[in-house]
Amino acid sequence: MEILVNLDVMMAKRKISAGELAERVGITPANLSILKNNKAKAIRFSTLMALCHELQCQPGDLLEFREDEDE
């Protein structure tokens, strides 16, 4: 089981760059990259809320739960 972060999809829909989003949300570009590349172990609710605010979306638009294929 895993939770995927679909930031690229929403960023493309909103036509916003990673650098601009990171600045607006108040996180480093490196931390945004970790989220985008599904390397994050956790995300703060305050960060998730800021991302949703800036991208005008719901948490479910950014996060996806996926079962392992062999289960």
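Throughout this tour, buried means under 20% relative accessible area and exposed means over 50%, with partly exposed in between. With that in hand, open the model, which is a predicted one, and start with a charged residue.

**Stop 1: Arg 24 and its partners**

Select Arg 24 first. Its relative accessibility is 45%, so Arg 24 counts as partly exposed. Now add Glu 20 to the selection: the two side chains form a salt bridge, and their closest N and O atoms are 2.5 Å apart. Both residues belong to helix α2, where they sit four residues apart, about one turn of the helix. Glu 20 has 34% relative accessibility, so Glu 20 is partly exposed as well.

Keep Arg 24 selected and bring in Glu 54. Here too the side chains meet in a salt bridge, at 3.6 Å from N to O. Arg 24 is in helix α2 while Glu 54 is in helix α4, so this pair ties together parts that are 30 residues apart in sequence. Glu 54, at 24% relative accessibility, is another residue that counts as partly exposed. Show all the selected side chains together and you have a network of salt bridges linking Glu 20, Arg 24 and Glu 54.

**Stop 2: the buried side of α2**

Stay with helix α2, and select residues 18-25. Which of its residues are buried? Leu 21, Ala 22 and Val 25 are. Turn the view to look down the axis of α2: the buried residues fall within an arc of 100°, so they line one face of the helix. To see what they pack against, display α1 (7-14), α3 (29-36) and α4 (45-55). Before leaving, step off the end of the helix to Gly 26, which follows α2 and has a positive phi, near 90°.

**Stop 3: Thr 47 in α4**

Next, select Thr 47, a residue of helix α4. Is Thr 47 buried or exposed? Its relative accessible area is 15%, and because the cut-off for buried is under 20%, Thr 47 falls in the buried class. Leaving aside residues up to four places away in sequence, Thr 47 touches Val 25, Ile 27 and Leu 35. Val 25 should be familiar from the previous stop, as one of the buried residues of α2.

**Stop 4: a bridge between α1 and α3**

Now select Asp 8 in helix α1, together with Lys 36. Their side chains meet in a salt bridge, with 3.4 Å from N to O. The pair links distant parts of the chain, Lys 36 being in helix α3 and Asp 8 in helix α1, 28 residues apart. Asp 8 has 42% relative accessibility and therefore counts as partly exposed. Lys 36 is also partly exposed, because its relative accessibility is 23%.

If you want a distance to check in the viewer, pick the C-alpha atoms of Asp 8 and Phe 45: they are separated by 19 Å, and the two residues are 37 apart along the chain. In total, the structure holds four salt bridges.

**Stop 5: two cysteines without a bond**

Select Cys 52 and Cys 57. How many disulfides does the structure hold? The count is zero. Cys 52 is in no disulfide, and its nearest cysteine sulfur, that of Cys 57, is 4.2 Å away. Why is there no bond from Cys 57? A disulfide calls for sulfur atoms within 2.5 Å, and the sulfur of Cys 57 is 4.2 Å from the closest one, in Cys 52, which is too far. Colour these two by accessibility and you will find Cys 52 buried, with a relative accessible area of 10%. Cys 57 is buried too, because its relative accessibility is 9%.

**Stop 6: a nonpolar patch on the surface**

For the last stop, switch on the surface and select Met 1, Ile 3 and Phe 65. These residues form a nonpolar patch there, with about 360 Å² of accessible area together. Zoom in on Met 1, which lies in the segment before β1 (2-5). Is Met 1 buried or exposed? Its relative accessibility is 58%, so Met 1 counts as exposed.

Methods
Residues are numbered from 1 along each chain as its sequence is written. This is a predicted model: local features need pLDDT of at least 70, side-chain atom pairs count only at pLDDT 80 or more; totals for chains, interfaces and linings use all residues. Side-chain values use heavy atoms; hydrogens and water are left out. Patches are made of residues with over 30% relative accessible area and no salt bridge: like charges are joined within 9 Å, nonpolar side chains (Val, Leu, Ile, Met, Phe, Trp, Tyr) within 5 Å. Accessible areas come from the Shrake-Rupley method with a 1.4 Å probe; for residues, only the protein chains shown count as cover. Helices (H or I, at least four residues) and strands (E, at least two) are DSSP runs, numbered from the N terminus. Buried means under 20% relative accessible area, exposed over 50%, partly exposed in between (1.4 Å probe, protein chains only). The arc is that of the directions from the helix axis to the C-beta atoms. Contact means heavy atoms within 4.5 Å.
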